[in-house]
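Work through the exercises below with the sequence and the coordinates at hand. Each task is followed by a solution in steps.

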Amino acid sequence: MKFKLDILIQLLRFKWNRLFHWSEQGWESLRKKRLKKLYLHLRNSPAYRELVNQNAPLSEFPVIHKNIFMRDFDQINTVNIKKADALKLALEAEKTRDFSPMIDDITIGLSSGTSGNTGIFLVSPRERAHWVAGILDRVIGFSLQKRKVAFFLRANSNLYESARSRLLEFAFFDIMQPIGSHIEKLKSFQPDILIAQPSVLRSLAKAQEKGKMNLSLKKLISVAEVLESIDRKYFEKVFGITISEVYQCTEGFLAASCPAGRLHFNEDFIFLEKKYLDEGKKRFHPVITDLYRYTQPVIRYELNDIIVEYPHCECGQPGTAIDFIEGRSDDVFIFTDENGEETTVYPDLMRRAIITASGEITFYHLTQTDQKTIAVYLEHEGSQNDIQDKVKSQLLEKLAGYKIHNIEIIFTHSYQHEPGTKLRRIKNEYSKAD
Ligand SMILES: [Zn+2]
């Protein structure tokens with residue numbers, strides 16, 4: 001009961017702030033207040049105590065990556081939970097699929113990275129309530145009508161089940177199970193809202209297209225992976241509605257789609273720093289401080305997603321708007337140009353080559369396999385030879401624009417996506433950038 005009350009309080013706070021602080025200045029003042037409070041709480045974290053005692057500004061705190069976040073797990077968290085204990089409990093729950101790993105009232109969750117390395121996160125009931133309220137406010141939207149939500153997840157956790165109430169009924173689908181096994185259940189559940197990652201949505205869209213489910217959705221929400229325009233178009237065509245997006249990491253809720261369909265960072269409770277990657281300051285790695293995470297503080301945590309900023313979103317929502325997310329930084333291709341210089345090719349260029357080659361392509365996967373080769377996997381309508389020729393010439397043309405020549409394009413006939421892992425459509429298996 002206390003938990004539901006917490007959600008309600010947080011939700012009212014969201015509504016209040018929407019009425020009175022819905023502006024860049026408003027969000028800035030919320031951010032300052034929340035950062036001050038979090039800062040004081042960091043005394044309870046052995047990793048940050050010393051810096052707080054020295055009164056060091058946030059800008060002097062170390063920027064960390066996932067590996068440090070995991071390595072220093074024991075020192076970072078403020079509730080004295082040991083990584084070994086948390087991991088043991090979480091893995092046990094994963095194995096038995098008994099989804100309630102907790103130490104005292106702290107929920108323990110696992111998150112999968114793109115490279116398959118497992119992350120572990122801790123959330124208190126209050127933080128869970130905030131997460132649920134955030135999703136309700138920014139993504140699902142409030143309605144007095146009862147709605148059913150189908151949620152596809154890697155593993156269930158208390159975090160998600162908690163949103164069951166008189167107005168929302170959540171059904172959980174485990175993406176580690178074959179998707180085919182969910183079709184019947186989904187058909188009889190008939191959700192109003194469907195939440196899943198694009199690689200799962202793809203399988204579901206195919207089933208829907210074949211008339212196996214007859215879903216009539218009010219909302220379609222993409223989470224966890226980068227949603228590309230090719231997928232967006234396909235899903236919207238099949239389900240007949242606009243898709244919304246949630247961008248999150250280690251269970252921090254980072255950004256959600258605005259009414260104009262663009263992701264905006266939740267800068268009212270996320271302190272965002274931008275580590276620019278190019279001179280034109282168009283692309284950046286987000287460096288995140290989550291102002292609501294007290295149990296396992298997320299302080300200056302650098303993500304390896306490449307964000308391309310959208311300068312002025314017309315919707316009027318505060319927070320940095322995202323034009324698109326380019327995927328992980330190791331998904332850039334690296335070739336040698338005609339002058340012998342090592343040249344970085346961003347995934348967006350490759351993506352555009354594919355999209356402009358043909359409107360009939362429904363799925364693709366590109367891999368740089370060595371210094372001079374790109375392996376291409378395609379699914380499409382229309383004639384194969386035709387489309388392959390067009391893709392090849394588009395790719396070579398785009399590369400030539402970077403003075404890169406003599407690249408071999410080969411076509412493969414199969415592609416394996418491991419269930420439960422995030423889809424990386426443009427992958428460099430040969431070399432990695434910083
Ligand atoms: Zn907007």
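**Exercise 1: the zinc site**

The donors of the zinc ion are spaced along the chain as C-x5-H-x48-C-x1-C. The model is a predicted one.

Task: Which protein atoms are the donors of the zinc ion, and what is the geometry of the site?

Solution.
- Step 1. The donor atoms are SG of C258, NE2 of H264, SG of C313 and SG of C315. They lie 2.1 to 2.3 Å from the zinc ion.
- Step 2. The angles among the four donor atoms are 103 to 119 degrees. Four donors count as tetrahedral if all angles lie between 85 and 135 degrees. The site of the zinc ion is therefore tetrahedral.

Task: Where along the chain do H264 and C315 lie, and is H264 buried or exposed?

Solution.
- Step 1. H264 belongs to strand β10 (residues 263-265). C315 sits in the loop between β14 (305-310) and β15 (321-328). The two residues are 51 residues apart, and the pair links distant parts of the chain.
- Step 2. Buried means under 20% relative accessible area. H264 has a relative accessible area of 1%, so it is buried.
- Step 3. C315, with a relative accessible area of 28%, is partly exposed.

**Exercise 2: a sheet of four strands**

Task: What is the strand order of the open sheet that contains β18, and which strands stand at its edges?

Solution.
- Step 1. The order is β20-β19-β18-β21, and the pairing is mixed.
- Step 2. β20 (408-412) and β21 (426-428) each have a single partner strand, so one side of each is left without a neighbour in the sheet. These two strands stand at the edges.
- Step 3. On average, neighbouring strands of this sheet are turned by 20 degrees against each other, direction ignored.

Task: Derive the mixed pairing of this sheet from its pairs of strands.

Solution.
- Step 1. β18 and β19 run antiparallel, with eight bridges between them. A hairpin of two residues joins β18 to β19. I361 has H380 in β19 as its bridge partner.
- Step 2. β19 and β20 run parallel and are joined by five bridges. Here Y377 stands opposite T412 in β20.
- Step 3. Strand β18 (residues 361-370) pairs with β21 in the parallel sense, over three bridges. L366 is placed opposite I426 in β21.
- Step 4. Parallel pairs and an antiparallel pair occur in one sheet, and the pairing is mixed.

Task: Is T367 buried or exposed, and which residues is T367 in contact with?

Solution.
- Step 1. T367 is part of strand β18.
- Step 2. Its relative accessibility is 9%, so T367 counts as buried.
- Step 3. Neighbours within four places in sequence aside, T367 is in contact with F333, T373, I374, A375, K427 and E429.

Task: Why is β19 described as largely enclosed?

Solution. Six of the eight residues of β19 are buried, so the strand is largely enclosed by the rest of the structure.

**Exercise 3: helices α12 and α13**

Task: How do the axes of α12 and α13 cross, and which residues make the contact?

Solution.
- Step 1. The axes of α12 and helix α13 (residues 384-400) come within 8 Å and cross at roughly 145 degrees. The crossing is right-handed.
- Step 2. On the side of α12, the contact is made by L349, M350, R352, A353, I354, T356 and A357. On the side of α13, K390, V391, Q394, L395, K398 and L399 take part.

**Exercise 4: parallel strands around β6**

Task: Which strands pair with β6, and how are the two faces of β6 covered?

Solution.
- Step 1. Strand β4 (residues 147-153) runs parallel to β6 and is joined to it by three bridges. A150 has L194 as its bridge partner in β6.
- Step 2. β6 also pairs with β7 in the parallel sense, over four bridges. The bridge partner of I195 in β7 is I221.
- Step 3. In strand β6 (residues 193-196), I193 and I195 on one side and L194 and A196 on the other are all buried, and both faces are covered.
- Step 4. S222 lies in strand β7 (residues 219-222). S222 is buried, at a relative accessible area of 0%. The residues in contact with S222 include A196, P198 and L201.

Technical notes: Residues numbered from 1 in each chain as written. Predicted model: local features only at pLDDT ≥ 70, side-chain atom pairs only at ≥ 80, totals over all residues. Heavy atoms only, no water. Pairing = 2+ DSSP bridges. Axes fitted to C-alpha atoms, helices over the stretch in contact; angles between N-to-C directions. Donors = N, O, S within 2.8 Å, 3.2 Å for Na, K, Ca; no water. Tetrahedral: all angles 85-135°; square planar, octahedral: opposite > 155°, others 65-115°. Buried < 20%, exposed > 50% of the residue type's maximum accessible area, 1.4 Å probe, protein only. Contact = heavy atoms within 4.5 Å. Left-handed = near helix turned anticlockwise from the far one by under 90°.
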